[in-house]
Amino acid sequence: MSETTVSSAAPGTTQDAGISAALGNRSIVLVGMMGAGKSTIGRRLSVRLGLPFLDADVEIEAAAGMSIPDIFESRGEADFRDGEVRVIARLLDNGPAVIATGGGAMMRQETRDRIRDKAVSIWLKADPDIIMRRVKRRSDRPLLQTADPEATVERLIREREPIYRHADLTVWSRDVPHEKIVDECLEALYGKLCSGHIEPSATP
């Protein structure tokens with residue numbers, strides 16, 4: 001396994017400790033569009049829960065020995081998606097962690113099935129304007145190397161959101177301090193795992 005961000009700290013609050021205990025061997029998987037903040041929120045969530053943080057895209061690059069843009073260019077998207085399925089399966093088999101997935105990972109039924117069986121999933125939902133503002137800062141998004149990136153983002157949202165809705169929990173990713181989003185993820189997890197509620201009243 002490649003180098004990953006790992007926290008050895010114990011969960012910081014009674015709520016956090018309750019979540020960790022209730023998870024057992026299951027992981028927490030963050031899903032959603034590129035730019036939704038899965039890696040940023042995932043790292044902070046892992047620290048709060050005392051779990052390793054794993055970024056599926058980083059793991060895919062390590063397994064392939066090349067960057068994701070290079071995989072797309074040399075092998076094509078289909079090959080990338082096949083590798084993504086294998087890597088996420090391996091991460092889920094390795095015990096509890098916080099895992100950030102790529103935006104298209106949930107489009108594969110086998111990945112959705114594995115996540116359902118071995119994890120609790122959180123959809124970080126973001127409005128299109130927020131996604132565009134965030135992804136414009138980076139040039140390593142192969143799917144956005146098009147004549148009209150904004151139209152591409154809108155198309156991907158239309159295609160993917162019906163799938164993301166199958167996640168166990170939904171938390172809005174928006175322009176507020178990261179720790180607020182983390183707190184809402186933890187509230188949602190505690191509600192689902194420890195007190196019988198479904199999710200918090202987070203609103204955009």
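**Entry 1. Helices 4 and 5**

I looked up the packing of helix 4 against helix 5 and found that their axes come within 7 Å and cross at roughly 130°. That angle makes helix 4 oblique to helix 5. I note here that the model is a predicted one. On the helix 4 side I listed Ile-68, Ile-71, Phe-72 and Arg-75, which meet Glu-77, Asp-79, Phe-80 and Arg-81 in helix 5.

**Entry 2. Aromatic pairs**

Phe-72 and Phe-80 appear in that contact, and I went on to the aromatic rings. How many aromatic pairs does a search of the whole structure find? I got two. In one of them, the rings of Phe-72 and Phe-80 have centres 5.0 Å apart and planes at 40°, so I logged the pair as tilted. Phe-72 and Phe-80 are both buried.

The rings of Trp-123 and Tyr-164 have their centres 5.8 Å apart and their planes at 45°, so this pair is tilted too. Which elements hold Trp-123 and Tyr-164? Trp-123 sits in strand 5 and Tyr-164 in helix 8, so the pair ties together parts 41 residues apart in sequence. I then checked burial for these two residues. Trp-123 has 4% relative accessibility and therefore counts as buried. Tyr-164, at 1% relative accessibility, counts as buried as well.

**Entry 3. Helices 3 and 5**

I returned to helix 5 for its packing with helix 3. The axes of helix 3 and helix 5 are 9 Å apart, and the packing angle is about 110°. Helix 3 is therefore roughly perpendicular to helix 5. I recorded the crossing of helix 3 and helix 5 as right-handed. Helix 3 contributes Ala-56, Asp-57, Glu-59, Ile-60 and Ala-63 to the contact, while helix 5 contributes Phe-80, Glu-84, Val-87, Ile-88, Arg-90 and Leu-91. Phe-80 was already in my list for helix 4.

**Entry 4. Helices 2 and 9**

Next I took helix 2 (residues 38-49) and helix 9 (residues 178-194), whose axes come within 9 Å and cross at roughly 60°. Helix 2 and helix 9 are therefore oblique to each other. Is their crossing left-handed or right-handed? I found it right-handed. From helix 2, the residues in the contact are Thr-40, Ile-41, Arg-44, Leu-45, Arg-48 and Leu-49. From helix 9, they are His-178, Glu-179, Ile-181, Val-182, Asp-183, Cys-185 and Leu-186.

**Entry 5. Nonpolar cores**

I asked which residues have the most contacts inside the largest nonpolar core. That core has 33 residues, and the answer is Val-29, Val-31, Met-33, Leu-92, Ile-99 and Ile-131. At least two residues of this core come from each of strand 2 (27-31), helix 3 (56-64), helix 4 (68-75), helix 5 (77-93), strand 5 (119-125), helix 7 (128-135) and helix 8 (149-164).

I then followed Val-29. Setting aside residues up to four places away in sequence, Val-29 touches Leu-92, Ile-99, Thr-101, Ile-115, Ala-119, Val-120, Ser-121 and Ile-122. I also found a second, separate core of 24 residues, which includes Ile-19, Ala-100, Val-171 and Ala-188.

**Entry 6. Strand 6**

Val-171, from the second core, lies in strand 6. Is Val-171 buried or exposed? It is buried, with a relative accessible area of 0%. I listed its contacts without its neighbours within four places in sequence: Ile-122, Trp-123, Leu-124, Lys-125, Ile-181, Glu-184, Cys-185 and Ala-188. Trp-123 is the residue I had logged in strand 5. For one of these contacts, Lys-125, I looked up the C-alpha separation from Val-171, which is 6.1 Å across 46 residues along the chain.

I also checked Leu-169, which lies in strand 6 (residues 169-172). Leu-169 has a relative accessible area of 1% and is buried. From Leu-169 to Ala-188 I read 6.8 Å, C-alpha to C-alpha, with their positions 19 residues apart in sequence.

**Entry 7. Whole chain**

Last, I noted the totals. The chain's secondary structure comes to nine helices and six strands. Of its 204 residues, 48% count as buried. What share of contacts between residues at least 6 apart in sequence joins residues at least 24 apart? I recorded 75%.

Technical notes
Residues numbered from 1 in each chain as written. Predicted model: local features only at pLDDT ≥ 70, side-chain atom pairs only at ≥ 80, totals over all residues. Heavy atoms only, no water. Core = buried A, V, L, I, M, F, W, Y, C linked by side-chain atoms within 4.5 Å. Buried < 20%, exposed > 50% of the residue type's maximum accessible area, 1.4 Å probe, protein only. Helix = DSSP H or I, 4+ residues; strand = E, 2+ residues; numbered from the N terminus. Contact = heavy atoms within 4.5 Å. Phe/Tyr/Trp six-rings, centres within 6.5 Å; stacked < 30°, edge-to-face > 60°. Axes fitted to C-alpha atoms, helices over the stretch in contact; angles between N-to-C directions. Parallel < 35°, antiparallel > 145°, perpendicular 65-115°, else oblique. Left-handed = near helix turned anticlockwise from the far one by under 90°.
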